Each structure stands twice: as structure tokens, then as C-alpha cells.
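What can be read from a single set of coordinates when one moves from the whole chain down to particular side chains? The paragraphs below follow that route, and they are best read with the structure open alongside.

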Amino acid sequence: DEFTMYSGLVKTFALEFPAHTDKGYIGFCLDGYAEIDINSKRRTIIKNEIIFVPKNSIVFHQKISDDFRVAFLSISKSIMEELLNDLRKYPPVFLFKPDFPAIVLNDLEMKQMMEYFSLMWKVTEDVQNDNRREIVKHLFLSMLINLHWHAKRYIEAPVPVSRKQDTVRTFFNLIFENLKEAKDVSFYADKLCVSPKY
């Protein structure tokens, strides 16, 4: 329940109908392309692209190439909360892209990501290992820190087109910095100089 992995999914695994995600997922497009809808936003996923599908999303495949191949993983909320302190130093800025939470890597960078994936896969299969939860958790953290490094180099922070967009970006950063200590809406509203209702 805390860690889920899918490897080698191809065109034959395509969804026949829109599906509701009960977890958040990270997907790695290894070959080909797929045109998908996530929460009514259409996007073409290409080779070496890593996408982030939030929990409670509606996902549907529109078009998939014959050579399409993808891997997915999901981490529980409890593990993410345990990693929150470390992630504050390396916020996943690619999640805040206004159009679509994704990043495209080169071949070498994607190969490195899949080495993390392969290691996590092997650890999860080792049911005799009493420490596998902690090992997987820290491998996942290492992978996210590496993604943070790539994102800093590849994704330019978008110039806010409105105060609203700027407020949203600032709000996400505040969440990463303060979530463990501050869960009250009024705290964030005060920091943003807006009303709690806003």
C-alpha cells in the first residue's frame, strides 16, 4: 500500500474508459508517445518525459504510438510526509508549472532515473529485508533530489502573467516550507496578504 511500481507497460495496457486515480503517480515515458487527458487537459507525452499525475485525477488515453512504453511508481502520503523536511531543501519546481507537471530529460539522464527505479524495484521484491521500507524511501528521495537538479537547469521559472499566478506559486512554496508546523488557512493567507476566504 505504501509503494507501488509498474514496469514495461505498453500500448495494450491503454485505458478503454477514463479512470480515476486513487493515488498520485510519477510516470516515465521510455519509448514512443501518448496523447492523454489529465483532468481535461490534453498533453502529448514523449520519450524521456517524466510526468506527475496528482491523486484524484481523471486520466484517459486519446492516442498511443505502437512503440509506446512507460513505467509508473506511487508513494504513500505517509512516506511523503516523512520526506517533507528533506524536500524543503529541494522543492520539486516542475510540479508548479502552470501548463503541466512534467520534465523532459536526455537519454543519459533518463537512464540514471531508471537505475533508481530498478534499484527500488529490486528492494521491494526482497520481502525478507526488514529495512526495505526505509531503503525505498531514501532511494525515492535521492531520485527526487536528482530530478530537482535537472529541473533547475531545464525549467525556467515562468514570468507571472498575473498577480493570481504569482500568488499561487508563492503559496506552493510556503506549503513546502511550513506544512509540518502550519496547517491553518489563516497562516498562509496572512503570509500572502490575502483573506482566508480568497
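Accessible areas come from the Shrake-Rupley method with a 1.4 Å probe. On that basis, the protein chain of this predicted model exposes about 11800 Å², and carbon and sulfur atoms supply 55% of that area. Of its 198 residues, 39% count as buried, where buried means under 20% relative accessible area.

The secondary structure comprises 5 helices and 9 strands, and their order along the chain can be followed from the N terminus: eight strands come in succession, then a helix, one further strand, and finally four helices. As for the contacts in the protein chain with a separation of 6 or more, residues 24 or more positions apart account for 74% of them.

The aromatic residues offer a way into the interior, since the structure holds 6 aromatic pairs. In one of them, the rings of Y6 and Y25 have their centres 6.4 Å apart and their planes at 50 degrees, so the pair counts as tilted. Because Y6 belongs to strand β1 (residues 3-10) and Y25 to strand β3 (residues 25-31), this pair ties together parts of the chain that are 19 residues apart in sequence. The two rings belong to residues with unlike surroundings: Y6 is partly exposed, with a relative accessible area of 35%, whereas Y25, at 15% relative accessibility, counts as buried. A second pair, formed by F28 and F117, is edge-to-face, with 5.7 Å from centre to centre and 70 degrees between the planes. Here F28 lies in strand β3 and F117 in helix α2 (residues 107-125), so the pair ties together parts that are 89 residues apart in sequence, and both F28 and F117 are buried. Ring pairs also link Y6 and Y25 with F72 into a cluster.

Strand β5 brings a polar side chain into the account, for R43 is found there. The side chain of R43 makes a polar contact with the side chain of E49, at 2.4 Å. R43 can also be placed relative to Q62, which is 19 residues away along the chain, the C-alpha atoms of the two being separated by 9.5 Å.

The loops between strands deserve separate attention. S65 lies in the loop between β7 (58-64) and β8 (69-75), and at 7% relative accessibility this serine counts as buried. Its side chain makes a polar contact, at 2.7 Å, with the side chain of D67, while, leaving aside the neighbours within four places in sequence, S65 is in contact with K11, G32 and Y33. Two other loops hold asparagines with positive phi. N39, in the loop between β4 (33-38) and β5 (41-46), has a phi near 55 degrees, a positive value in a residue other than glycine, and at 40% relative accessibility N39 counts as partly exposed. N56, placed in the loop between β6 (49-53) and β7, has a phi near 65 degrees, again a positive value in a residue other than glycine, and N56 is partly exposed, with a relative accessible area of 49%.

The route now turns to a helix. In helix α5 (residues 185-192), the residues Y188, A189 and L192 are buried. Seen down the axis of α5, its buried residues fall within an arc of 105 degrees, so they line one face of the helix. The general background is that an α-helix has 3.6 residues a turn, so residues three or four places apart point the same way. After α5 comes C193, whose phi is positive, near 60 degrees.

That residue leads to a final question: how many disulfides does the structure hold? The structure holds 0 disulfides, a pair of cysteine sulfur atoms being counted as a disulfide within 2.5 Å. Two cysteines may be set side by side here: C29 is buried, with a relative accessible area of 1%, whereas C193 is exposed, with a relative accessible area of 66%.

Terms used: Residues are numbered from 1 along each chain as its sequence is written. This is a predicted model: local features need pLDDT of at least 70, side-chain atom pairs count only at pLDDT 80 or more; totals for chains, interfaces and linings use all residues. Side-chain values use heavy atoms; hydrogens and water are left out. Buried means under 20% relative accessible area, exposed over 50%, partly exposed in between (1.4 Å probe, protein chains only). Contact means heavy atoms within 4.5 Å. The arc is that of the directions from the helix axis to the C-beta atoms. A polar contact is a pair of N or O atoms within 3.5 Å; within protein, one must be able to donate a hydrogen and the other to accept it, and residues adjacent in sequence count only if both atoms are side-chain atoms. Rings of Phe, Tyr and Trp (its six-membered ring) pair if their centres lie within 6.5 Å; planes under 30 degrees apart count as stacked, over 60 as edge-to-face and the rest as tilted.
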